[in-house]
Structures are given as structure tokens and as C-alpha cells.
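User: I've got a structure open on my screen and I'd like to talk it through. Can you take my questions one by one?

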Amino acid sequence: MIEYQNHGWLGFNGLLWKCKGSVVPNALLISIPSALLAVGLMQLNKEVDNFSETLGSDSLKAGQIWTAMTAALSLLIGFRTNKAYDRFWNGTTLLHQMWGEWFDSCSCLFAFSSCSDKNKAGEVAIFRHALIRLMSLCHASALDEIAITQDSEEGYPCLDVGGLDQRTLRYLRDSRFNANLDFNRVEVLVHMIQTLIVKEHERGVLKIPSPILSRVFQTLSRGQVHLANCKKITATLFPFPYSQLIAIFLLGFSVGTPIMMASLLEHEHLAFVMTLIPVFGLYALNDVAAQLEVPFGTDYNDLPLLEFQEHMNKSLLMLIRNETDIVPSLGKNCLMDYDAIKDNISTRRPKCYVLEDSE
């Protein structure tokens with residue numbers, strides 16, 4: 001996805017001049033020939049007697065047809081643009097929700113495992129490291145499904161997948177590439193994570209009541225639901241009849257507009273400009289909608305899936321640090337009086353209160 005600044009005087013901060021991911025070049029490829037056609041028709045109108053009458057562009061009926069076609073085309077492209085932006089916005093919302101649900105599951109499991117007996121420290125470490133590897137791979141596999149890049153040579157970056165045991169790695173390989181299996185990798189990984197949770201709870205690594213632990217299974221399930229909704233956006237394209245109708249209208253508009261402008265205007269430069277603007281605008285809007293309809297992939301205007309995976313990896317790495325098990329407490333200078341706390345409301349950042357020489 002292209003990052004840009006949407007402020008500045010008339011976009012002269014660089015927004016107007018960006019070509020990467022822009023729909024302007026493609027729209028100009030259509031609108032400029034259409035505008036040149038208008039200029040050519042004006043020249044013919046000057047050199048050939050009664051040319052506009054022969055063409056029929058000066059009649060009221062022709063003007064009404066062009067107006068009706070323009071209105072219908074504008075309505076169709078407006079409808080497509082609205083639906084395309086809805087799909088784009090829903091796509092980024094679902095990606096954030098999927099990440100949030102799955103990270104929350106891991107965070108809860110790390111918190112639950114901190115309550116285990118001290119003599120199980122080694123088992124807790126093994127559980128935690130296995131969990132972050134499985135979840136990182138699960139999130140990456142989900143992004144592969146969304147972007148339809150499962151068959152590419154390299155996937156999204158994962159946390160030391162090679163650190164898993166060989167039996168697990170073989171099954172992950174076979175479940176995906178064995179023709180007799182051909183299972184969904186995300187479903188396999190989610191089931192692995194759930195099995196790991198149940199076993200570790202039974203062994204006492206997750207020392208937490210079952211009703212509370214069940215919340216983790218709910219968040220894992222909700223993450224899968226968000227993934228399914230993302231895949232729905234990828235799999236369900238804008239209906240073909242609408243796309244076909246828009247293409248037909250655009251073709252007619254790019255031919256009809258120069259004919260009308262050549263008959264209505266007297267100067268070639270005005271005919272060029274007045275043809276270029278509407279043809280360019282409608283083609284550009286249609287191109288924008290086509291790019292936003294499927295927001296997952298590697299195009300310039302697609303959502304940054306790689307950044308989502310890197311964010312997940314960074315969050316999981318945060319969990320395995322020793323500081324993760326810090327239990328917050330109060331310092332020596334803590335204010336316990338209500339009025340004192342109220343009087344000391346501050347906008348200072350936490351770093352401002354750190355004393356480097358204290359424990």
C-alpha cells in the first residue's frame with residue numbers, strides 16, 4: 001500500500017506527481033486518443049460540408065442519447081466505486097481483527113502459563129516457544145490464503161519454523177503437498193495449537209480453570225471467522241454483468257464524447273480539453289474501483305500484508321522475553337490519597353519517571 005500525505009496546498013507536496021500505483025497513466029491512454037478524435041472531427045467538420053449533419057451529432061436526439069449514456073455510466077461507476085471502497089475498508093478491518101484475536105490468544109496463554117509450578121519452568125519454556133512458532137506460521141499461512149500466494153517459492157517471514165520437531169514439520173509438509181491429503185494449512189495449524197493447549201493444561205503447564213481457558217478457544221475461532229471473511233472478499237469478485245456493462249458504456253462514451261464536443265464547440269483546443277476531462281475522469285474512477293475491489297496482493301494499492309506479518313512476529317517475540325512475566329507493583333513514591341492522585345495528573349511519558357540507578 002502506498003503511504004502519502006493528504007495535506008498541503010492543492011497536493012503540491014508531491015501527491016499530484018506520484019506515478020507508482022497511480023491510475024492516471026492508464027486513464028490518459030484512453031482519454032488522449034478520444035480527445036484527439038474530437039480535434040480530428042472538428043477538422044473534418046470544417047473541411048467537409050454538412051459533415052456534422054451527415055454524422056447526426058447536431059441533432060437533439062443524438063445529444064439526448066449522449067446525456068442519458070453519461071448519466072447511466074456515472075451511476076454505474078459511482079456504484080462500483082462505493083462497493084470497492086467498502087471491500088477495501090472491510091479488508092483492512094478484518095486483517096486487524098484476525099491479528100488481534102490470535103495475538104490475544106497467545107497473550108492469554110503466556111499469562112496462564114506464568115502461574116505454573118516453578119519445577120515446570122522448562123516445560124513452560126518449551127510450550128511458549130512452540131506456541132509462537134505455530135502462531136507465526138498460522139498467521140503467515142492465513143495471509144498466503146488471502147493473497148492466493150500459497151504456491152510461491154517463498155512465503156511471509158515466520159519465527160524459526162525449523163525449530164519445530166520433525167514429526168510436526170513432516171505433517172505440515174504432507175498436509176499441504178500430498179495429493180491424497182491436500183488439507184488447509186491454517187486449519188491444520190489451528191488444530192495443532194488447540195491440541196497443544198489441551199495437553200499442556202492436562203500436564204499442569206497451564207494452571208488455570210477450564211472455563212477461563214475456554215476463552216482462548218473462542219478467540220482462536222473468531223480469528224478463523226475473520227480469515228474466512230477475508231477469503232470471501234478475495235473469492236467474490238464484482239459481478240461480471242456490471243463490469244461488462246461498464247466496459248460497453250465506457251467504450252461508447254469514449255467515442256461519443258468527441259463526436260458531441262466536435263459538433264458543439266468551435267475551437268479545437270476546447271474540444272480537446274472538454275473531451276479529455278470527462279473521459280479521463282470516468283476511466284480513472286473505474287480503474288480505482290477495480291484496484292480496490294480485491295485489496296489483498298502485491299500491487300501498489302493493495303493492503304500491506306507483509307507489514308501485518310512483521311507486526312505479528314514482533315508481538316510474538318515480545319512475549320518470549322523474560323520481562324513478559326513481570327508482575328506490576330507500586331513504587332516507593334506512589335501516592336495513595338485520592339486528592340493527591342488527582343492533583344498529580346500529568347501528560348509526561350513513562351520514560352520520564354524511570355530512575356536508571358534503581359531496581
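**Cores, rings and odd spots**

Analyst: Happy to, and keep in mind that this is a predicted model. Its largest nonpolar core counts 57 residues, and Leu95, Trp102 and Leu109 have the most contacts inside it. The elements giving two or more residues to this core are H3, H4, H6, H7, helix H9 (268–293) and helix H10 (305–319).

User: Which element gives the most to this core?

Analyst: Start with how covered the candidate is: of the 27 residues in H4, 21 are buried. A nonpolar core is built from buried residues, and 14 residues of this one come from a single helix, the top contributor. That helix is H4.

User: What does tryptophan 102 touch, leaving out residues up to four places away in sequence?

Analyst: Trp102 is among the residues with the most contacts inside the largest core. Its contacts include Val186, Thr219, Gly223, Gln224 and Met312. Also among them are Met135, Cys138, His139, Ala142, Leu220 and Leu227.

User: How many residues are in the other core?

Analyst: Apart from the largest core lies another one. Leu76, Phe238, Ile246 and Leu282 are among its members. Phe238 qualifies as buried because its relative accessible area is 11%, under the 20% cut-off. The size of that other core is 16 residues.

User: What is the make-up of the protein in helices and strands?

Analyst: Reading from the N terminus, the elements run α-α-α-α-α-α-α-α-α-α-α. Of the 359 residues, 37% count as buried. The tally is 11 helices and 0 strands.

User: What span does helix H4 reach from its first C-alpha to its last?

Analyst: H4 covers residues 121–147, which is 27 residues. At 1.5 Å a residue, the expected value is 39 Å. The model comes close to that, with a reach of 39 Å.

User: Which residue follows H4, and what is its phi?

Analyst: The residue after H4 has a positive phi, and it lies in the loop between H4 and helix H5 (166–177). Most residues other than glycine have a negative phi. This one is exposed, with a relative accessible area of 58%. It's isoleucine 148, with phi near 55°.

User: Aspartate 182 has a positive phi too. Is aspartate 182 buried or exposed?

Analyst: Aspartate 182 has a phi of about 50° although it is not a glycine. It is found in the loop between H5 and helix H6 (185–203). Its relative accessible area is 53%, and the cut-off to pass is over 50%. So aspartate 182 is exposed.

User: How many aromatic pairs does the structure hold, and is the one between phenylalanine 79 and phenylalanine 238 stacked or tilted?

Analyst: The structure holds 5 aromatic pairs. In the pair of phenylalanine 79 and phenylalanine 238, the centres are 6.2 Å apart, with 50° between the planes. The pair links distant parts of the chain, 159 residues apart: phenylalanine 79 is in helix H3 (residues 60–113), and phenylalanine 238 is in the loop between helix H7 (210–235) and helix H8 (240–264). So that's 5 pairs, and this one is tilted.

User: And why does the pair of tryptophan 99 and phenylalanine 103 count as stacked?

Analyst: These two are 4 residues apart in helix H3, so about one helical turn separates them. Tryptophan 99 is buried at 18% relative accessibility, and phenylalanine 103 is buried at 16%. Their ring centres lie 5.6 Å apart, and the pair is stacked because the angle between the planes is 0°.

User: Which ring does the charged end of arginine 348 sit over?

Analyst: There's another arginine over a ring to mention: arginine 176 lies over the face of phenylalanine 177, at 5.3 Å from the ring centre. For arginine 348, the charged end is 4.6 Å from the centre of its partner ring. That ring belongs to tyrosine 353.

User: Why is there no bond between the sulfurs of cysteine 106 and cysteine 138, and how many disulfides does the structure hold?

Analyst: The closest cysteine sulfur to that of cysteine 106 is in cysteine 138, and at 9.0 Å it is too far for a bond. Cysteine 108 is no better off, because its closest cysteine sulfur, in cysteine 106, is 9.4 Å away. Cysteine 106 is buried at 0% relative accessibility, and cysteine 108 is buried at 15%. The number of disulfides is 0.

Notes. Residues are numbered from 1 along each chain as its sequence is written. This is a predicted model: local features need pLDDT of at least 70, side-chain atom pairs count only at pLDDT 80 or more; totals for chains, interfaces and linings use all residues. Side-chain values use heavy atoms; hydrogens and water are left out. A disulfide is a pair of cysteine sulfur atoms within 2.5 Å. Buried means under 20% relative accessible area, exposed over 50%, partly exposed in between (1.4 Å probe, protein chains only). The expected span of a helix is 1.5 Å times one less than its number of residues. Rings of Phe, Tyr and Trp (its six-membered ring) pair if their centres lie within 6.5 Å; planes under 30 degrees apart count as stacked, over 60 as edge-to-face and the rest as tilted. A charge sits over a ring if NZ of Lys or CZ of Arg is within 6 Å of the ring centre and within 35 degrees of the ring normal. A nonpolar core is a set of buried Ala, Val, Leu, Ile, Met, Phe, Trp, Tyr and Cys residues joined through side-chain atoms within 4.5 Å. Contact means heavy atoms within 4.5 Å.
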